[in-house]
Amino acid sequence: MQRVVIVAVTALIGLSIAAGPALASESDGSAGAKDGACPSTEARVVHEVDYVTDPTSELQRLDLFVPERPKPCRLVPIVVWVHGGGWAVGDKRANAATKAAMFNDLGYLFVSVNYRLSAPIGDPNRPVHPAHADDVGAAIAWLGSHAARYGGDGKQIALLGHSAGAHLVALVGTDPAYVARAGGNVANIRCVGSYDTASYDLVQRSAETNLVQNAFGSDEVTLRDASPLLHLDDRLHLPAFQVVVRGAPDRRAAETAFADAARAAGGEVSVLDAAGLSHADVNRLIGAPGDTRMSPEVSSFVTGCLGQSS
């Protein structure tokens, strides 16, 4: 049974999206196309939607930030955001409102996704790979089948993420298995924005951090399976990529290596040089009012991928 909660903007855990359109409160969780009718054109926020039929965790849910749409039967592209947190912590509502405002202003449906987390750290029953990527893939598959009721085009998706989320979007974008297992089509992912991760090759990184071993273990076969760098030859067509490069030399080298390898595989790749920004800045600045470092570059990438909707 799908669980849906729809709220007005004032309930958004104290966060404001005043830069975006005013939001309407809805009481009907289906809030979309029924019996051939076009979905509502009103802006609204829909919280806690299950994206799997029988969820095993409350984290297998997403929030939809629906923009005002002047044409009721015209579906708009979708921007999906995947949060970071070392695959162990984090939440879809963190920094989501400012990002939603920016992408809603561009005319896109914005979706922020939760996924099962490898926590508590060290618990033998914690979710581990491929749970995180399977959840992101299931969310993409769900949007392909259900986004139209919210005015979204599930065949036009920009998949973006930060930190551990940057790893997951790169993995789901390069390995079609995660979306396919949920019954979806990975070709619906038109582009991927991977914003600051050193985890493109987990075989190389596994000895560096307990977080990697906590979420993926130490088996080399599993680490290879979870490494986006090692899946660039899995598909005849790669989505366009935007990759952040910043930080210490080893981190910059890992990010640059992935961008170079994606180009060599025939992919279209743009590098966003975030030198001077912290890891947290990369996330925080996307959609932040007055930002000139991240937001213009990210907006340009997404509109180049999905087209201008507003």
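How many aromatic pairs does the structure hold? In this predicted model, the structure holds six aromatic pairs, and two of these can be described together with the elements that carry them. The pair formed by F65 and F110 is edge-to-face, with 5.7 Å from centre to centre and 65° between the planes. This pair links distant parts of the chain, since F65 belongs to strand β3 and F110 to strand β5, 45 residues apart. Both F65 and F110 are buried. The rings of F241 and F258 have their centres 5.2 Å apart and their planes at 75°, so this pair is likewise edge-to-face. Because F241 lies in strand β8 (residues 240-245) and F258 in helix α8 (residues 249-264), the pair ties together parts that are 17 residues apart in sequence. F241 has a relative accessible area of 1% and is buried, and F258, at 0% relative accessibility, also counts as buried. Ring pairs further join F65, F103 and F110 into a cluster.

F103 of this cluster is also one of the buried residues of helix α1. Eight of the 10 residues of α1 (residues 96-105) are buried, so the helix is largely enclosed by the rest of the structure. The buried residues are A96, A97, K99, A100, A101, M102, F103 and N104. The cover over them includes strands β3, β4, β5 and β6 (152-162), together with helices α9 (279-284) and α10. For K99, a buried residue of α1, the charged end sits over the ring of W81, at 4.8 Å from the ring centre. Just after α1, G107 takes a positive phi of about 95°.

Strand β5 (residues 109-113) contains S112, which counts as buried at 0% relative accessibility. When neighbours within four places in sequence are left aside, S112 is in contact with L62, D63, W81, K92 and A96. In the case of K92, the backbone oxygen lies 2.6 Å from a polar atom of the side chain of S112. Among the other contacts of S112, W81 is the residue whose ring lies beneath the charged end of K99, and A96 is one of the buried residues of α1. S112 and L160 are separated by 48 residues in sequence, while their C-alpha atoms are 9.7 Å apart in space.

The disulfides were considered next. The count comes to two disulfides, and their pattern is 1-2, 3-4 when bonded cysteines are counted along the chain. A disulfide joins C38 to C73, with an S to S distance of 1.6 Å. The link of C38 and C73 is right-handed, with 70° about the S-S bond. C38 lies in the loop between β1 (5-7) and β2 (44-50), and C73 in the loop between β3 (61-66) and β4 (76-82), so the pair ties together parts that are 35 residues apart in sequence. C38 counts as partly exposed, at 31% relative accessibility, whereas C73 is exposed, with a relative accessible area of 54%.

C191 and C305 also form a disulfide, with their sulfur atoms 2.2 Å apart. The torsion about the S-S bond of C191 and C305 is about -95°, so this disulfide is left-handed. The pair links distant parts of the chain, with C191 in strand β7 (residues 189-195) and C305 in helix α10 (residues 295-306), 114 residues apart. C191 counts as buried at 0% relative accessibility, whereas C305 is partly exposed, with a relative accessible area of 23%. Helix α10, which carries C305, is also among the elements covering the buried residues of α1.

For the chain as a whole, there are 10 helices and nine strands. Of its 310 residues, 55% count as buried. Among the contacts in the chain with a separation of 6 or more, 74% are accounted for by residues 24 or more positions apart. The accessible surface of the chain comes to about 12400 Å², and 51% of this surface belongs to carbon and sulfur atoms.

Notes:
Residues are numbered from 1 along each chain as its sequence is written. This is a predicted model: local features need pLDDT of at least 70, side-chain atom pairs count only at pLDDT 80 or more; totals for chains, interfaces and linings use all residues. Side-chain values use heavy atoms; hydrogens and water are left out. A disulfide is a pair of cysteine sulfur atoms within 2.5 Å. Helices (H or I, at least four residues) and strands (E, at least two) are DSSP runs, numbered from the N terminus. Buried means under 20% relative accessible area, exposed over 50%, partly exposed in between (1.4 Å probe, protein chains only). Contact means heavy atoms within 4.5 Å. A polar contact is a pair of N or O atoms within 3.5 Å; within protein, one must be able to donate a hydrogen and the other to accept it, and residues adjacent in sequence count only if both atoms are side-chain atoms. Rings of Phe, Tyr and Trp (its six-membered ring) pair if their centres lie within 6.5 Å; planes under 30 degrees apart count as stacked, over 60 as edge-to-face and the rest as tilted. A charge sits over a ring if NZ of Lys or CZ of Arg is within 6 Å of the ring centre and within 35 degrees of the ring normal. Accessible areas come from the Shrake-Rupley method with a 1.4 Å probe; for residues, only the protein chains shown count as cover.
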